[in-house]
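Could you walk me through this structure, starting from the overall layout and working down to the side chains? I'd like the empty spaces and the charged contacts covered along the way.

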Amino acid sequence: MEKKRWDCTALPKGWKMEEVTRKSGLSAGKSDVYYFSPSGKKFRSKPQLARYLGNQMDLSSFDFRTGKMLMSKLNKNRQRLRYDNNNQNKGKPDLNTSLPVRQTASIFKQPVTKVTNHPNNKVKTDPQKAVDQPRQLFWEKKLSGLNAYDIAEELVKTMELPKGLQGVGPGCTDKTLLSAIASALHTSAAPITGQLSAAVEKNPGVWLNTAQPLCKAFIVTDEDIRKQEELVYSVRKRLEEALMADMLAHVEEAAANEGEPLKEEGNGSEDMESV
C-alpha cells in the first residue's frame with residue numbers, strides 16, 4: 001500500500017488527511033481516505049467526522065474524498081441561510097394548523113403524531129382524509145434513473161430478481177419492478193400475487209390492479225424458499241468473515257503503531273552505548 005498524508009486546510013488547524021492506495025489484489029488502484037485529528041484520532045467516514053466536530057464546524061459542503069469545500073453547495077447554503085433570516089425578520093405568524101409532512105423519500109409509512117398534554121384538548125379527525133387516496137397509475141416510473149450510493153460515493157449494485165418475476169406495463173424495467181415489489185411489501189397488508197388478470201398485458205391502463213405490483217402472476221414454491229435460505233446463509237457467512245478480517249487488520253495496525261515508538265527508543269539507547 002502507498003500512503004500519502006498532508007494538512008487539510010478545509011478543517012481546523014492541525015488536522016491531517018491521508019490517502020491509502022492499494023497496489024495489489026482485486027482492489028488494486030482503489031484508494032481510501034482517512035482523517036486524523038490533532039490528537040491522532042483516526043476517522044474513516046464523514047458521519048464520524050461530523051459527530052466528533054459537532055457544532056465547531058459545518059460539514060454540509062465538505063467533500064470527504066477530496067478534503068475540500070464545494071463552493072456550489074457552500075453558496076446554496078449561504079443563500080438558504082440568508083432567505084431564512086429574511087423570513088424571520090418579517091415577523092409573519094405561521095397560521096398553518098395542519099400537521100407537518102415528512103420530506104424524506106421513503107416507501108415506509110411514517111405518520112407524524114401530534115402529542116397534547118392538556119386534558120381539555122380534543123384531536124379532531126376528518127373521516128374523508130382517513131380513506132385511502134387513489135393511486136396514480138405507473139407511479140413507479142418516477143423512480144427510474146435514480147441510483148443509490150454508499151458512504152464512499154460508489155454506486156450500490158442493485159438486486160437481481162428471480163427469472164419468474166416479469167414486469168407488466170409500458171417501459172417496465174427491473175429497477176421499476178423492484179421498486180414496485182418493495183413498496184407493496186412494506187405498505188400493503190394483503191398478500192402479493194401480482195396481476196392475476198390476463199387482460200392486463202393487452203391494456204394495462206384499464207385492467208391494472210393498483211393494489212398489486214407491476215408484475216405478472218407468480219407462485220413462490222418451497223424450492224424458491226430453500227434457495228433463498230441458502231443465499232442468506234452464504235451472505236451472512238461472508239459478512240462474518242469480512243468482519244473478522246477487518247478486526248484482525250485493526251489489531252495488527254494498532255500493534256504496529258504501538259511498536260514503532262519502542263523501536264525508536266531502542267535505537268536511541270544503542271547510539272548512546274556506541275558513544
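What follows is a tour from the fold to its cavity, a pocket, the salt bridges and a few local details.

Keep in mind that this is a predicted model. The chain has six helices and six strands. Reading from the N terminus, the elements come in the order β-β-β-β-α-β-β-α-α-α-α-α. Of the 275 residues in the chain, 17% are buried. One element to keep an eye on is helix α6, spanning residues 222-274, as it will turn up again below.

Let's start with the empty space. Rolling a probe the size of a water molecule over the atoms shows where such space is left. Counting cavities of 30 Å³ or more gives one. The largest cavity holds about 120 Å³ of space. Its lining is made up of 16 residues, and Arg135, Trp139, Glu140, Thr210 and Gln212 are the ones nearest the centre. Sorted by class, the lining of this cavity comes out as nine nonpolar, five polar and two charged residues.

Now for an open space: the second largest pocket. About 980 Å³ of space lies in this pocket. There are 22 residues in its lining, with Glu160, Leu161, Pro162, Leu165 and Gln228 lying nearest the centre. Two elements, α4 (174-187) and α6, each give two or more residues to that lining. The largest share comes from α6, which supplies eight residues. As for chemistry, the lining of the second largest pocket has 16 nonpolar, two polar and four charged residues.

Helix α6 also has something to show on the outside. Met244, Met247, Leu248 and Val251 form a nonpolar patch on the surface, and together they have about 370 Å² of accessible area. Leu248 sits in helix α6. With a relative accessible area of 46%, Leu248 is partly exposed. A residue needs over 30% relative accessible area to be part of a patch, so Leu248, at 46%, clears that cut-off.

Next, the charges. The model has six salt bridges in total. Which residue does Glu253 pair with? The partner is Lys42, and the closest N and O atoms of the two are 2.9 Å apart. This pair links distant parts of the chain, as Glu253 belongs to helix α6 and Lys42 to strand β4 (residues 42-43), with their positions 211 residues apart in the numbering. Glu253 is partly exposed at 27% relative accessible area, and Lys42 is also partly exposed, at 24%. Buried means under 20%, so Lys42 with its 24% does not count as buried.

A second salt bridge stays within α6. Arg226 pairs with Glu230, and their closest N and O atoms are 2.5 Å apart. Why do these two sit about one helical turn from each other? Because they are four residues apart in helix α6. Both ends are partly exposed: Arg226 has a relative accessibility of 36%, and Glu230 has 45%. The pair is also part of something wider, since Glu223, Arg226 and Glu230 are linked in a network of salt bridges.

Another of the salt bridges joins Asp7 and Lys16, with the closest N and O atoms 2.3 Å apart. Asp7 counts as partly exposed at 47% relative accessibility. Lys16 is partly exposed too, with a relative accessible area of 31%.

Finally, two loop residues deserve a look. Pro38 lies in the loop between β3 (31-36) and β4. Is Pro38 buried or exposed? At 56% relative accessibility, Pro38 counts as exposed. Across the sequence, Pro38 and Trp15 are 23 residues apart, while in space their C-alpha atoms are 5.5 Å apart.

The other loop residue is Glu153, found between α3 (127-130) and α4. Its backbone is worth checking: Glu153 has a positive phi of about 60°, although it is not a glycine. Glu153 is exposed, with a relative accessible area of 52%. The cut-off for exposed is over 50%, so Glu153 at 52% falls on the exposed side.

How values were computed:
Residues are numbered from 1 along each chain as its sequence is written. This is a predicted model: local features need pLDDT of at least 70, side-chain atom pairs count only at pLDDT 80 or more; totals for chains, interfaces and linings use all residues. Side-chain values use heavy atoms; hydrogens and water are left out. Patches are made of residues with over 30% relative accessible area and no salt bridge: like charges are joined within 9 Å, nonpolar side chains (Val, Leu, Ile, Met, Phe, Trp, Tyr) within 5 Å. Accessible areas come from the Shrake-Rupley method with a 1.4 Å probe; for residues, only the protein chains shown count as cover. A salt bridge is a side-chain nitrogen of Lys or Arg within 4 Å of a carboxyl oxygen of Asp or Glu. Buried means under 20% relative accessible area, exposed over 50%, partly exposed in between (1.4 Å probe, protein chains only). On a 1 Å grid over the protein atoms alone, a cavity is a set of points where a 1.4 Å probe fits but cannot get out, and a pocket is an open set with protein on both sides within 12 Å along at least five of seven lines; lining residues have an atom within 4 Å of a point. Grid points are joined across faces, edges and corners, and a volume is the space filled by probe spheres set on the points. Ala, Val, Leu, Ile, Met, Phe, Trp, Tyr, Cys and Pro count as nonpolar, Asp, Glu, Lys and Arg as charged, and the others, Gly among them, as polar.
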